[in-house]
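Hi everyone, thanks for coming. I'd like to walk you through a structure that's new to most of us, so let's get it up on the screen.

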Amino acid sequence: MAFDGITIANIVKELNDTIVGGKINKIAQPEADELLLTIKNNRTQYRLLISASASLPLIYFTEKNKTSPLTAPNFCMLLRKHIGSGKIVSVIQPGLERVIEFKIEHLNELGDLCHKTLVVEIMGKHSNIIFLNEDRMILDSIKHVSLNMSSVREVLPGRQYFIPQTQEKKNPLDITEQEFYDTVYAKPTNVAKAIYSSLTGLSPAAAEEICCRSSVDGSEPVAALSKEAKLHLYHTFCRMIEDVKIGAFTPNIVYSEEGEPLEYAAFALWKYKEFPVKNFDTISSVLEQYYAEKNQITRIRQKSADLRKIVQTALDRNRKKLDLQDKQMKDTKKMDKYKVYGELINTYGYNLEEGCKSFQALNYYTNEEITIPLDSTMTPQENAKKYFERYNKLKRTAQALEEQIADTDAEILHLESIQSALDIAQQENDLSQIKDELMEYGYIKKHSSNPKKKMQGKSKPLHYISSDGYDIYVGKNNYQNEELTFKFATGNDWWFHAKKMAGSHVVVKSNNEELPDRTFEEAGRLAGYYSSGRTAPKVEIDYIQKKHVKKPNGSKPGFVVYYTNYSLVIEPDITGIQLVSE
């Protein structure tokens, strides 16, 4: 969900519930476009982060402190001078604009009561934090905007403050039914765009949600709506706006099937009703966790990019090598033909004429007449010897290729398992283990030990609880798979793995009990999901008790063999399986 007027309304409600009546205790400016206010109210201290960043403007409560520069910027000094110990009288949102106004009262140098306004505009690249006097004149702003930068509005000291009305939009909080019909349904566009382009503070995502709740296709043209659909859409819109007015918010984060934060909102999102949802008490908690998880995923992907490139390069090289080896192996299939040629020449070639270029003979293996090419400069015995030499050479080549193809196949399987581990890596220490494995097998040059690395927490397997209460563990890389299967699991525990594909080892602790069918099915779903087949509609899973799983001598980490196993076919969907946080 975009940081739209509805999200702002939820934040304003939270601000009114917590800091109105409170005293500003500290003002800091950690970044050029960011403020951190410390506010005390009802014996509780709150930290309010306000960012006017062009890339990610935000406002929310946080528990984390941030380091400030040794010399405070001018805007920070001005705020400290005027409202450093001011009282927050009210927090308001004009209409459903992406604007928050903090009304603050303070005492001036003479002890007189004065009022100031701190305006926070969350408007994408035009976001700003503006400080106003009692007459709503601009005293200063965290970003100065001249006429050279904007023809709509100057944001400079001494200018009158106003909210720019760059588009003819209606306030959704007080729009009438007739105005809604005249404005929204008059747009020559699709329904969703008609809503968000006609009403202040509604993002495209909010407009799509209104359409979803009213069972209307948001991409459908407005002109195609029936009379009944228009009425239903309007009343759905009214119900959502009524929730905004009374503060009936349900802050939440929607997660993808892969566990990544997909969307956040101040209300339940019907269009994502099939996805996992986590509800929160406050919108600040939503924003802080959503962007922290997003940043972590982005950081992990950036850090894993080099490892992915190394693995992909090695995979491409080995796959090309395997193709070449397969072609060479196909060429060796001719060796039996050369052996037969040599034998037939020895059998029938005693009466051949000198300089003969070929001769026909009966192949006593197939009872077919065949033509055998000959080198006219050689005797029959020399031709036979030449064919036997070709046969022996190809035979030796085939024997060598069998070993080489097996080695290349194993190398590809190993690299695919590392690639799969990179796909499910969630923490930096997960990547550290994968990097160690790449170093051990020569894909990355080894470096001297890093003391910081030793201080990093050890990456652990994922821990799930089945619906029947059994512990299920999932290895996140080959080292974890090895330890999970051969050091952690006991003989009667059950072991699961996607059939003939790279993936995690999954172990169910049986506690020497007979597992319910549902636990087998859930463990199979986890094995399918944490494999290279996670995007397939169905995945075949092998499962067996751990005591029947063996590790060949000298094999790579995570490589196992087993001979008598059970199988099941599942959908690689882990929705509803409880993950225990590490």
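**A quick tour**

Let's start inside: the largest share of the lining of the largest cavity comes from H9, which gives 4 residues. Before I go on, keep in mind that this is a predicted model.

So, how many cavities of 30 Å³ or more does a search of the whole structure find? It finds 1. The space in that largest cavity is about 50 Å³. Two elements give two or more residues each to its lining, namely helix H9, residues 380-424, and helix H12, residues 478-488. If you want to find the spot on screen, look for Ser-417, Ser-420, Ala-421 and Ile-424, and also Lys-476, Asn-477 and Asn-478, which are among the lining residues. By type, the lining splits into 8 polar residues, 2 nonpolar and 1 charged.

Okay, on to pockets. The second largest pocket holds about 930 Å³ of space. It is lined by 35 residues, and those closest to its centre are Arg-98, Ile-122, Met-123, Gly-124 and His-126. Here the lining divides into 15 nonpolar, 13 polar and 7 charged residues.

Now back to H12, since Gln-480 sits in that helix. Is Gln-480 buried or exposed? With a relative accessible area of 3%, Gln-480 is buried. Its side chain has a partner, too: a polar contact of 3.1 Å joins it to the side chain of Gln-433.

Gln-433 takes us to helix H10, where it is one of the buried residues. Others buried in H10 include Leu-431, Ile-434, Leu-438 and Met-439, along with Asp-430 and Glu-437. Here's a little sanity check on that helix. H10 runs over residues 428-440, and its 13 residues should span 18 Å at 1.5 Å a residue; the end C-alpha atoms are 19 Å apart, so the two agree. Just after H10, Gly-442 takes a positive phi of about 80 degrees.

Speaking of positive phi, there are a couple of cases to point out that aren't glycines. Most residues other than glycine have a negative phi. Asn-42, though, has a positive phi of about 50 degrees. You'll find Asn-42 in the loop between strand E2, residues 34-41, and strand E3, residues 44-51. Asn-42 is exposed, because its relative accessible area is 67%. Then there's Asn-367, with a positive phi near 60 degrees. Asn-367 lies in the loop between E13 and strand E14, residues 368-373, and at 62% relative accessibility Asn-367 counts as exposed.

What about the cysteines? A search of the whole structure finds 0 disulfides. Take Cys-238: why is there no bond to Cys-211, which has the closest cysteine sulfur? The two sulfurs are 14 Å apart, and that's too far for a bond. Cys-238 counts as partly exposed, at 27% relative accessibility, whereas Cys-114 counts as buried, at 13%.

Last stop, Gly-349. Gly-349 lies in the loop between helix H8, residues 335-348, and strand E13, residues 358-363. With a relative accessible area of 2%, Gly-349 is buried. And if you'd like a feel for distances in this model, Gly-349 and His-144 are 101 Å apart in space, C-alpha to C-alpha, and 205 residues apart in sequence.

That's the tour, thanks for listening!

Technical notes: Residues numbered from 1 in each chain as written. Predicted model: local features only at pLDDT ≥ 70, side-chain atom pairs only at ≥ 80, totals over all residues. Heavy atoms only, no water. 1 Å grid on protein atoms, 1.4 Å probe; cavity = no way out; pocket = protein on both sides within 12 Å on 5 of 7 lines; lining within 4 Å. Points joined across faces, edges and corners; volume = space filled by probe spheres on them. Nonpolar A, V, L, I, M, F, W, Y, C, P; charged D, E, K, R; others polar. Expected span 1.5 Å × (residues − 1). Buried < 20%, exposed > 50% of the residue type's maximum accessible area, 1.4 Å probe, protein only. Disulfide = S-S within 2.5 Å. Polar contact = N/O pair within 3.5 Å; in protein donor to acceptor, adjacent residues only side chain to side chain.
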